[in-house]
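This report considers helix packing, aromatic pairs and one buried polar side chain. The structure is shown below.

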Amino acid sequence: MARFFRLVKNEYIKVFKKLSTKIMIVLIIICALGLSGIALFAKHNMESNNYSSNDATGDYQQTIDWLKDTNGDPNEIAMWQYLIDNDIDSDDWRYDVLSAMFADGTGDMSGIKKYLDDNDWRGFCQYRLDNDILTEGEKWEYQYRLDKDISFDKSNEKKNDLIMTVANAKSDGQNSRAKLEDNIKLALYQLDNDKLDNTANQMTLFETSEPEQITFWTVFLTSTSLVTVVALLAIVIAGGIVSSEFSQGTVKFLLINPVKRWKILMSKYFTVITVGYIMLCILFVVMIPITGLMLGFDGFSTPYIYVSGGDVKEMPTLLYAAEQYLMKSVEMVVMSTLAFAISSLVRSTALAIGVSVFTMCIGSTVTQLLGQLGQDWARFLVFANTDLASISKGYSIFAQHSLTFAVGVLIAHMVVFLLTAWDGFTKRSV
């Protein structure tokens, strides 16, 4: 074992002495800076272009004029006129109430006008409970607001969102009951424990549309996409670690040592994988200060809250992000192993790297295409199983594609790749 680690140490020295490896590390840092910089630019751009108006009556009047021109519902015209007369903007709870009424097709506001005039949200809730035909979710919502004294005000925006999550889940009969129950448990847990922020609902940077949506965790959780860059760099190392020894003739110096060939091969493979994870750790670590300095550390302590096995659980979001990095790293390991196998068969480093990168780039696309064409056998391809994060959440394009199946397929492919590398290296003439 000591001899094996001396071989590994020798491989580390050769890898980290190369200028290309140092360039790779700099490139990783540049990618981290670039992603955070893009997020900061997008945030400022959204803030500068964000439309806001203190006077909404102009928009209301345009709507009234359009309704009159198109012979619209007189009750809806009266509603918009009521908003103008009482200077009610879109942030007011009364705006949401009236908009919802017309969306539901119940445009008569005579019964609730008194509560709207008095800005009495409690009276409104009680009136609806006593007089209207409500869904299960609506009944729960109004009673919960009265019991917990939670108004519709914008100051309770996060609580309102969670309340609506529960109300919609209780009224929704289309989704699976288990999923609805999980949504209800999660939202009630957050309300009861006053943990209104949850990174489980965090959008990626590419999904944001408002400046306030771009936070530390928006960028950090989006950084998992940069693991693909690390995978490409690992392929470069794997594609040359064996083939370059033969093309440069340095393999002779390795083979004159009293060490079996397979141990030399495994020391090189161990080096490839560990160097890949070293670069992954560099990305993970540098993202924290870079993102914090550019976007601030607000919300850094926000937990990741989720439902597992029917129970609500929470964990530090940084730990969840680390799990996502590890899940994403599967592609890096698989493709590095493929490049390593090719490198053991050919003398050309460029060929080993080129074939591996090309395969990685088109593999997912081909698998997606086959899946959409109904070719179920494509689930046995390695590229259909590398995204373990999506498969674990049930997002695979193949029916009944479980995490256990995906891991089994990956292991089978990895065994084939390593046996190919072993056969090519141990039987290869120098």
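## Packing of α7 and α8

Helices α7 and α8 cross in a left-handed manner. The model is a predicted one. Two packed helices are described by the angle between their axes and the distance between the axes. For α7 and α8, the axes come within 9 Å and cross at roughly 145°.

The contact between the two helices involves Trp121, Arg122, Phe124, Cys125, Gln126, Arg128 and Leu129 on the α7 side. On the α8 side, the residues met are Glu138, Lys139, Tyr142, Gln143, Arg145 and Leu146.

## Aromatic pairs

A pair of aromatic rings is described by the distance of the centres and the angle of the planes. The structure holds 28 aromatic pairs. One of them joins Phe124 and Tyr142, whose ring centres are 5.9 Å apart and whose planes stand at 90°, so this pair is edge-to-face. Because Phe124 belongs to helix α7 (residues 121–131) and Tyr142 to helix α8 (residues 136–148), the pair ties together parts that are 18 residues apart in sequence. Both Phe124 and Tyr142 are buried.

Trp217 and Phe220 form another edge-to-face pair, because their planes are at 80°, with ring centres 5.6 Å apart. Both residues lie in helix α11 (residues 216–222), where Trp217 and Phe220 are 3 residues apart, about one turn of the helix. Trp217 counts as buried because its relative accessibility is 2%, under the 20% cut-off. Phe220, at 0% relative accessibility, also counts as buried. Ring pairs further link Trp217 and Phe220 with Phe216, Phe284, Phe297, Phe300 and Tyr325 into a cluster.

## Charges over rings

Arg145, one of the α8 residues that meet α7, places its charged end over the ring of Phe152, 4.2 Å from the ring centre. A second arginine, Arg379, lies over the face of Phe405, and the distance to the ring centre is 5.6 Å.

## The surroundings of Ser336

Where is Ser336 placed? Ser336 is found in helix α16, which spans residues 317–345. Why does Ser336 count as buried? The reason is its relative accessibility of 1%, which is under the 20% cut-off.

The side chain of Ser336 reaches the backbone oxygen of Met332 at 2.6 Å. With residues up to four places away in sequence not counted, Ser336 touches Ala234, Ile235, Ala238, Val272 and Ile273.

Methods
Residues numbered from 1 in each chain as written. Predicted model: local features only at pLDDT ≥ 70, side-chain atom pairs only at ≥ 80, totals over all residues. Heavy atoms only, no water. Helix = DSSP H or I, 4+ residues; strand = E, 2+ residues; numbered from the N terminus. Buried < 20%, exposed > 50% of the residue type's maximum accessible area, 1.4 Å probe, protein only. Polar contact = N/O pair within 3.5 Å; in protein donor to acceptor, adjacent residues only side chain to side chain. Contact = heavy atoms within 4.5 Å. Phe/Tyr/Trp six-rings, centres within 6.5 Å; stacked < 30°, edge-to-face > 60°. Lys NZ or Arg CZ within 6 Å of the ring centre and 35° of its normal. Axes fitted to C-alpha atoms, helices over the stretch in contact; angles between N-to-C directions. Left-handed = near helix turned anticlockwise from the far one by under 90°.
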